[in-house]
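User: Please take one part of this structure and look at it closely, then set it in the context of the rest of the chain. I would like a connected account in which each term is given with its cut-offs.

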Amino acid sequence: MASESVAAAAAAVSAPAAAAGGGKDDELADLVRRLVDALARYSDRLPFDLDRQKLRSLTTLAAIAITLVFAWKLLRAPQEQPRRPRRRVAPSPSNTSSRSRQGTLAGTDACSSADSRAHEAINQLFQPVNLTLEQLVRHKLSEGRRVTCRLLGVILEETTPEELQNHVTVRPSVLEVLLEIAKFCDVYLMERILDDESGEKVLSALSEAGLFTSGGLIRDKVLFCSTENGRTSFVRQLEPDWHIDSSSEIVHQLSRFIKYQLHISPQQTERAAANIFSSTSLEQFFGGLDQR
């Protein structure tokens with residue numbers, strides 16, 4: 001039969017393509033067979049006679065041509081190649097060193113900034129507190145309510161009773177502190193004098209300095225005596241929370257009886273007892289929390 005010969009020829013021609021295309025050759029051969037059978041059936045239905053030999057030859061040539069075209073396309077089709085993994089380029093030593101330097105610099109900057117912030121926080125924490133004079137006085141006196149104080153060498157420029165017979169000078173630097181103490185403490189001033197005129201001069205100088213103004217010291221609380229023992233007796237009778245004196249002997253005698261004492265001396269001295277403080281002046285003692 002013509003169809004069988006065409007199918008055989010198509011199968012013979014498509015054999016090389018089958019070797020290259022694999023399973024796709026069977027589908028192509030089947031397609032050619034169906035095409036030849038359809039042409040044969042169509043020729044039988046024509047109203048005029050058709051030379052079957054020529055039709056067979058033409059059909060065979062067409063089938064061969066179609067088979068060759070498909071075989072050529074199959075052979076030319078590029079086979080899929082597996083994708084190669086992208087090769088990661090190893091960093092060069094220069095890049096590595098530059099990156100390490102950058103990382104080191106970044107780490108150093110971060111550490112330095114963290115250290116600077118820590119130092120700032122510590123500096124702020126330990127900065128001296130700016131307290132007012134009232135706060136300083138209250139802190140230093142530990143909320144004491146009664147204070148006795150010697151005049152010579154503490155409130156006055158003079159240091160001996162003999163000098164008071166000639167002149168009396170109030171130290172200007174002590175006025176503010178003394179008035180601040182008088183705001184919340186009961187203050188008694190006392191001194192040994194040689195005559196009554198010295199006492200009058202002292203009272204006059206204190207008044208001219210403004211210590212007896214409203215809210216300040218009281219004139220009747222300025223006491224005078226003729227001996228050192230008299231001053232010691234005054235202090236023990238008044239029983240103050242603080243006594244301020246420039247005589248180391250008096251301070252030592254009163255250390256057993258007075259809660260706190262402040263020894264005023266031009267030379268800084270060691271503390272003779274736990275309840276005795278020392279300073280070169282009254283204003284210096286109240287000038288800062290670190291002064292003793």
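Analyst: Tyr260 is partly exposed, with a relative accessible area of 22%, where buried means under 20% relative accessible area, exposed over 50% and partly exposed in between, computed with a 1.4 Å probe and protein chains only. The model is predicted, so local features need pLDDT of at least 70 and side-chain atom pairs count only at pLDDT 80 or more, while totals for chains, interfaces and linings use all residues. Residues are numbered from 1 along each chain as its sequence is written, and side-chain values use heavy atoms, with hydrogens and water left out.

The structure holds six aromatic pairs, a pair being rings of Phe, Tyr or Trp (its six-membered ring) with centres within 6.5 Å, called stacked if the planes are under 30 degrees apart, edge-to-face if over 60 and tilted otherwise. In one of these pairs the ring centres of Tyr260 and Phe277 are 6.3 Å apart and the planes meet at 45 degrees, so the pair is tilted. Since Tyr260 lies in strand E5 (residues 260–264) and Phe277 in strand E6 (residues 276–279), the pair ties together parts that are 17 residues apart in sequence; here helices (H or I, at least four residues) and strands (E, at least two) are DSSP runs numbered from the N terminus. Phe277, at 12% relative accessibility, counts as buried. Both rings belong to one aromatic cluster, which also takes in Trp242, Phe285 and Phe286.

Two other rings have an arginine over the face, a charge being counted there if NZ of Lys or CZ of Arg is within 6 Å of the ring centre and within 35 degrees of the ring normal. The charged end of Arg236 sits over Phe257, 3.8 Å from the ring centre, and Arg138 lies over the face of Phe184 at 4.4 Å from the ring centre.

Charged pairs form a second set of links. Side chains of opposite charge can pair when their charged atoms come close. The whole structure contains 11 salt bridges, each defined as a side-chain nitrogen of Lys or Arg within 4 Å of a carboxyl oxygen of Asp or Glu. One of them joins Arg171 to Glu283, with the closest N and O atoms 2.8 Å apart. Arg171 lies in the loop between helix H7 (161–164) and helix H8 (175–184), whereas Glu283 lies in helix H12 (residues 282–285), so this bridge ties together parts that are 112 residues apart in sequence. Arg171 itself is buried, with a relative accessible area of 16%.

Another bridge stays within one helix: Glu228 and Arg231 meet at 2.7 Å, N to O, and both lie in helix H10 (residues 228–238), three residues apart, about one turn of the helix. Glu228 is partly exposed at 25% relative accessible area, whereas Arg231 is buried at 0%. Salt bridges that share partners join these two residues with Arg150, Glu191, Arg192 and Asp245 into one network.

As for the wider setting, the chain has 12 helices and six strands, and buried residues make up 34% of its 292 residues. Of the contacts in the chain with a separation of 6 or more, 57% come from residues 24 or more positions apart, contact meaning heavy atoms within 4.5 Å.
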